[in-house]
Amino acid sequence: MTSNEILKLRNVFKNKTNTKAKSLDFIHHYFDGGFHETTLIKLIDGKYKTIKDINCDDMLDGFNRVIGVVEIKGDDLYHSLCYNKTNDIYASANISLIHLGKEKSMNDNSTIYEETIKPKKLYHLITDNGYFLINNIMFNDYNHLIESYL
């Protein structure tokens with residue numbers, strides 16, 4: 001990450017939280033996010049795996065190949081988990097999804113409520129197409145958490 005990109009993230013952080021970042025830890029604390037380990041991911045063959053059991057090169061529903069699995073320290077993140085009651089998905093509030101052609105975050109939907117639980121670990125995926133499906137909802141992959149601000 002370049003110094004210019006770090007500066008952009010510092011400005012976003014300051015504007016959203018009204019505080020100044022004292023170290024680079026703010027990148028993890030504020031911008032990182034993921035899914036609860038029990039989140040089910042559908043594979044191209046119709047079988048399901050929990051997100052914590054997904055491996056690189058797994059082929060997901062929607063013809064996406066996993067190129068990275070990210071394990072995130074979850075108990076010190078700024079964002080709490082949100083729960084989508086309709087689709088049974090626990091994810092960080094800052095996770096972005098595509099709904100009706102528009103990008104939204106997990107906490108933008110009226111069927112979602114914020115929880116105060118903070119698991120020790122969260123999981124996210126990096127795919128060759130930049131997104132993946134969970135219960136027929138399109139989620140942006142891990143890289144989008146920061147790239148959307150740069």
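Which residue forms a salt bridge with Glu71, and how far apart are the closest N and O atoms? I shall begin there and then move outward through the structure. Please keep in mind that this is a predicted model.

The partner of Glu71 is Lys121, and the closest N and O atoms of the salt bridge are 3.2 Å apart. Lys121 belongs to strand β10 and Glu71 to strand β4, so this pair ties together parts of the chain that are 50 residues apart in sequence. As for solvent, Lys121 is partly exposed, with a relative accessible area of 40%. Across the whole structure, a search finds 5 salt bridges.

Let me set that pair in the overall architecture. The protein chain contains 3 helices and 12 strands. Its radius of gyration is 15 Å, close to the 15 Å that the globule rule gives for 150 residues, so the chain is as compact as a globular protein of that length. The C-alpha trace spans about 45 × 30 × 30 Å along its principal axes. Of the 150 residues, 43% count as buried. Among contacts between residues at least 6 apart in sequence, 59% join residues at least 24 apart.

Next, the sheet that holds β4 and β10. Three strands form an open sheet in the order β3-β4-β10, with antiparallel pairing. Strands β3, residues 59–60, and β10, residues 121–127, stand at the edges with a single partner strand each, so one side of each has no neighbour in the sheet. Strand β4 covers residues 64–73, and 2 bridges join it to β3 in the antiparallel sense. Within that pairing, Met59 stands opposite Arg65 of β4.

I turn now to Lys73, which is also found in strand β4. With a relative accessible area of 45%, Lys73 is partly exposed. Which residues are linked with Lys73 in a network of salt bridges? They are Asp75 and Asp76. The side chains of Asp75 and Lys73 meet at 2.6 Å, N to O, whereas the closest N and O atoms of Lys73 and Asp76 are 3.9 Å apart. Given the 4 Å limit for a salt bridge, the 3.9 Å pair of Lys73 and Asp76 still counts as one. Both acidic partners are partly exposed: Asp75 has a relative accessible area of 37%, and Asp76 stands at 26%. Leaving aside neighbours within four places in sequence, Lys73 is in contact with His28 and Lys120.

That contact leads to His28, which lies in helix α2. Beyond four places in sequence, His28 touches Ile72, Lys73, Asp76 and Leu77. His28 and Asp76 are 48 residues apart in sequence, and their C-alpha atoms are 8.8 Å apart in space.

The loop between α2, residues 25–31, and β1, residues 40–42, contains Asp32. Is Asp32 buried or exposed? Asp32 is buried, yet it has no salt bridge; the nearest side chain of opposite charge is that of Lys73, 10 Å away. What Asp32 does have is a polar contact of 2.5 Å, which joins its side chain to that of Tyr142. Not counting residues up to four places away in sequence, Asp32 touches Ile27, Ile72, Leu77, Asn94, Tyr142 and Leu145. Ile72 and Leu77 also appear among the residues that His28 touches.

Finally, I should like to draw attention to a hairpin. Strands β11 and β12 form this hairpin with 2 residues between them, and they pair in the antiparallel sense over 4 bridges. One of the bridge pairs is Leu133 with Met138 of β12. Most residues other than glycine have a negative phi. In the loop between β11, residues 131–134, and β12, residues 137–140, lies Asn135, which has a positive phi of about 50 degrees although it is not a glycine. Asn136 is in the loop between β11 and β12 as well, and has a positive phi of about 65 degrees, again without being a glycine. As regards accessibility, Asn135 is partly exposed at 37%, while Asn136 counts as exposed at 69%.

To close, I return to the two charged sites. Lys121 and Glu71 form a salt bridge between β10 and β4, and Lys73, Asp75 and Asp76 are linked in a salt-bridge network. Asp32, by contrast, is buried without a salt bridge. Thank you for your attention.

How values were computed
Residues are numbered from 1 along each chain as its sequence is written. This is a predicted model: local features need pLDDT of at least 70, side-chain atom pairs count only at pLDDT 80 or more; totals for chains, interfaces and linings use all residues. Side-chain values use heavy atoms; hydrogens and water are left out. Buried means under 20% relative accessible area, exposed over 50%, partly exposed in between (1.4 Å probe, protein chains only). Lys and Arg count as positive and Asp and Glu as negative; His and the chain ends are not counted. A polar contact is a pair of N or O atoms within 3.5 Å; within protein, one must be able to donate a hydrogen and the other to accept it, and residues adjacent in sequence count only if both atoms are side-chain atoms. Contact means heavy atoms within 4.5 Å. Two strands pair if DSSP finds at least two bridges between them. The radius of gyration is taken over C-alpha atoms; the globule rule is 2.2 Å times the number of residues to the power 0.38.
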